[in-house]
Amino acid sequence: MIPTVEEICSKKIITTEINSTIDKAIKKMTHADVRSILIDDTKERNYYILTVDDAIEFKLQNISLDQKLSEVKLKKIQTVDAKANVLELIKSYETLSEYVLVLRENKICGILSQTDIINNTDPKILIERQS
């Protein structure tokens, strides 16, 4: 059976506002023991994601951690309806982001990573999708 994205997504979502600083976002991630944080840009109705890899890249580029998230380049996160199954998700995007935001009735109910998809889907199904 092919799972729905809601069945396999992580329900633990840590968020911060787009006007927060990089430092505050990293502290929230550390406190919650997660490797990514959802950035909410309510005004523009967009969501972005900040990962540990992004934070390291900011440090390597000498970007101040006091800088606001709205002032740096962030990855926009794709969204998918909670009822979609994994194959529908894979088919619906030409390129699938590392993370996808799961929405039920336009409200956030989880976040799904490529690792979640791989770990929860029969490899035979994924291989058949490639052919």
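These notebook entries record what I looked up on three loop residues with positive phi and on strand E3 in a predicted model.

Basis. I number residues from 1 along each chain as its sequence is written, and side-chain values use heavy atoms, with hydrogens and water left out. Because the model is predicted, local features need pLDDT of at least 70 and side-chain atom pairs count only at pLDDT 80 or more, whereas totals for chains, interfaces and linings use all residues.

Entry on Asp 33. I looked up its backbone and found a positive phi of about 55°, although Asp 33 is not a glycine. Asp 33 lies in the loop between helix H2 (22–32) and strand E2 (36–41); helices (H or I, at least four residues) and strands (E, at least two) are DSSP runs, numbered from the N terminus. Its relative accessibility is 69%, so I list Asp 33 as exposed (over 50% relative accessible area; buried is under 20%, partly exposed in between, with a 1.4 Å probe and protein chains only).

Entry on Asn 106. I noted a positive phi of about 65° at this non-glycine residue. Asn 106 sits in the loop between strand E6 (99–104) and strand E7 (107–113). Asn 106 counts as exposed because its relative accessibility is 74%.

Entry on E3. Five of the six residues of strand E3 (residues 46–51) are buried, so I regard E3 as largely enclosed by the rest of the structure. I checked its pairing (at least two DSSP bridges between two strands): E2 and E3 are antiparallel over six bridges, and Leu 38 has Ile 49 in E3 as its bridge partner. Four residues separate E2 and E3 in a hairpin, and Arg 45 in the turn has a positive phi of about 55°. E3 also pairs with strand E4 (residues 75–76), antiparallel over two bridges, where Ile 49 stands opposite Lys 75.
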